[in-house]
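Biologist: I would like to go through this structure with some plain questions. Please show it to me before we start.

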Amino acid sequence: MTTKLNISIAGIAGRMGRQLAKVAEDCGHSLTGGSEAHTDWIGRPLTDLGIGLASERLIEASASAAMQDADTWIDFTAPVATLAALDAASSAGTRTAIIGTTGFDAAQEAQIAAHAKSLVIVKAGNFSLGVNLLQTLVEKAASALGPDWDIEILETHHRRKVDAPSGTALMLGNAAASGRDADLSDLKARPYDGPDARRIPGEIGFAVRRSGGVFGEHEVTFGSDQEVISLSHTALNRAVFAHGALKAAEWAAGKPVGLYDMKDVLSL
Ligand code: NAD
């Protein structure tokens with residue numbers, strides 16, 4: 001293990017929160033706190049989560065109470081909750097924030113960038129090694145193949161996911177746009193629907209499926225009149241994101257303040 005961190009986790013009773021807590025302790029870090037909005041969990045010890053945690057810290061309602069003894073805050077919750085926690089982190093003395101929450105709008109992204117003037121922030125729409133490598137491959141393919149090839153991105157997630165397209169699909173869309181020296185905001189196709197839903201040349205299309213318990217599937221296709229290339233990734237469990245987030249937390253220790261992503265962490 002590298003530096004031992006004092007970690008606090010937002011939304012600790014959530015699907016990702018539980019994974020993160022378990023992986024943090026398994027990696028030898030100290031769990032110094034956790035927060036929840038769900039009233040069933042507030043005030044209860046972390047051991048009550050039933051996932052074999054050693055820390056008996058109580059689950060807090062407020063982010064500032066939960067991060068009191070932490071050097072690292074890991075947040076996989078919802079955009080408004082994450083932004084409120086970043087406000088608290090700047091005054092609580094927490095040094096590092098690892099943000100996995102997705103679904104931020106442009107104004108909220110700008111607020112995160114402003115917080116990165118006083119915090120080390122690693123933010124990624126997907127913390128898996130495979131997806132971050134895929135991002136690099138997509139950028140390269142978009143650049144090599146040129147604007148005549150149709151780029152389409154398909155994502156599938158579990159039925160409880162709230163934002164769409166997924167943060168990962170947007171990451172891949174940004175990578176494709178960047179391969180074409182453009183911004184995704186200029187190339188993103190409107191959903192194909194209705195009697196005049198033709199594909200506009202050069203646009204990047206998105207398709208979304210919600211089904212059962214799927215952890216996350218992404219496929220990027222590049223199509224010409226003669227052939228189609230597919231690049232795809234499947235997450236086989238949620239732990240893959242938690243391991244990536246912990247790797248980011250370890251990497252961030254000692255880094256200067258600023259906004260980083262998994263490409264920085266993985267030197268991609
Ligand atoms: P979830 O609903 O299971 O968990 C979210 C938890 O946050 C809930 O327990 C909720 O009560 C809690 N919460 C909400 N507001 C809060 C607040 N103000 N204070 C404290 N806790 C609060 O959802 P999930 O599946 O764990 O996903 C959470 C987020 O992480 C989503 O945005 C999802 O898209 C994202 N995600 C990112 C990655 C990645 O690799 N970046 C991977 C998986 C999920």
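The questions below deal with the sheets, the helices packed on them, and a few single residues.

Biologist: Is this model predicted, and what is the strand order in the open sheet of seven strands?

Modeller: The model is predicted. The seven strands of this open sheet pair in the parallel sense. Their order is E3-E2-E1-E4-E5-E6-E11.

Biologist: Which strands stand at the edges of that sheet, each with a single partner strand?

Modeller: An edge strand here has a single partner strand, so one side of it is left without a neighbour in the sheet. One of these strands covers residues 258–260 and the other 59–60. They are E11 and E3.

Biologist: Which residue in E3 stands opposite Ser35?

Modeller: E3 pairs with strand E2, residues 30–35, in the parallel sense. Two bridges join E2 and E3. Opposite Ser35, in E3, stands Glu60.

Biologist: What angle does the direction of helix H1 make with that of strand E1?

Modeller: H1 is made of residues 15–26 and packs on the sheet. H1 touches E1 (6–10), E2 and E4 (72–75). Its direction and that of E1 make an angle of about 170°.

Biologist: Which strands does helix H3 lie across?

Modeller: H3 covers residues 79–92 and runs at about 170° to one of the strands, E4. The other two are made of residues 96–99 and 120–123. The strands that H3 lies across are E4, E5 and E6.

Biologist: Are H3 and H4 roughly parallel or roughly antiparallel?

Modeller: Two packed helices are described by the angle between their axes and the distance between the axes. For H3 and H4 the angle is about 20° and the axes are 11 Å apart. Angles under 35 degrees count as roughly parallel. H3 is therefore, relative to H4, roughly parallel.

Biologist: How many charged residues are in the contact of H3 with H4?

Modeller: From H3 the contact includes Pro79, Leu83 and Asp87, and from H4 it includes Gln108 and Ile112. By class there are five nonpolar and four polar residues. The number of charged residues is one.

Biologist: Why does the salt bridge between Glu109 and Lys123 tie together separate parts of the chain, and how far apart in sequence are they?

Modeller: Side chains of opposite charge can pair when their charged atoms come close. The closest N and O atoms of Glu109 and Lys123 are 3.2 Å apart. Because Glu109 lies in helix H4 (residues 106–115) and Lys123 in strand E6, the pair joins parts whose separation in sequence is 14 residues.

Biologist: How are the axes of H1 and H8 set, and what is the handedness of the crossing?

Modeller: The axes of H1 and H8 (residues 239–252) come within 9 Å and cross at roughly 55°. The two helices are therefore oblique to each other. As H1 passes H8, the crossing is right-handed.

Biologist: What is the strand order in the open sheet of four strands?

Modeller: The pairing in this sheet is mixed. Its edge strands, E8 (204–210) and E10 (228–234), each pair on one side only. The order is E8-E7-E9-E10.

Biologist: How many bridges join E9 and E10?

Modeller: E9, residues 217–223, pairs with E10 in the antiparallel sense. Gly223 stands opposite Val228 in E10. The number of bridges between E9 and E10 is seven.

Biologist: How far apart are the axes of H5 and H6?

Modeller: H5 packs on the sheet and touches E7, E9 and E10, while H6 touches E7, E8 and E9. H5 (residues 129–145) and H6 (residues 167–179) pack at an angle of about 30°. That angle makes H5 roughly parallel to H6. The distance between their axes is 7 Å.

Biologist: Which peptide bond is cis, and which residue has a positive phi although it is not a glycine?

Modeller: Most residues other than glycine have a negative phi, and most peptide bonds are trans. The bond from Ala164 to Pro165 is cis, with omega near -10°, and Pro165 is in the loop between E7 and H6. The residue with positive phi, about 55°, lies in the loop between H6 and H7. The answers are Ala164 to Pro165 for the cis bond and, for the positive phi, Asp181.

Technical notes
Residues numbered from 1 in each chain as written. Predicted model: local features only at pLDDT ≥ 70, side-chain atom pairs only at ≥ 80, totals over all residues. Heavy atoms only, no water. Axes fitted to C-alpha atoms, helices over the stretch in contact; angles between N-to-C directions. Parallel < 35°, antiparallel > 145°, perpendicular 65-115°, else oblique. Pairing = 2+ DSSP bridges. Contact = heavy atoms within 4.5 Å. Salt bridge = Lys/Arg side-chain N within 4 Å of Asp/Glu carboxyl O. Left-handed = near helix turned anticlockwise from the far one by under 90°. Nonpolar A, V, L, I, M, F, W, Y, C, P; charged D, E, K, R; others polar.
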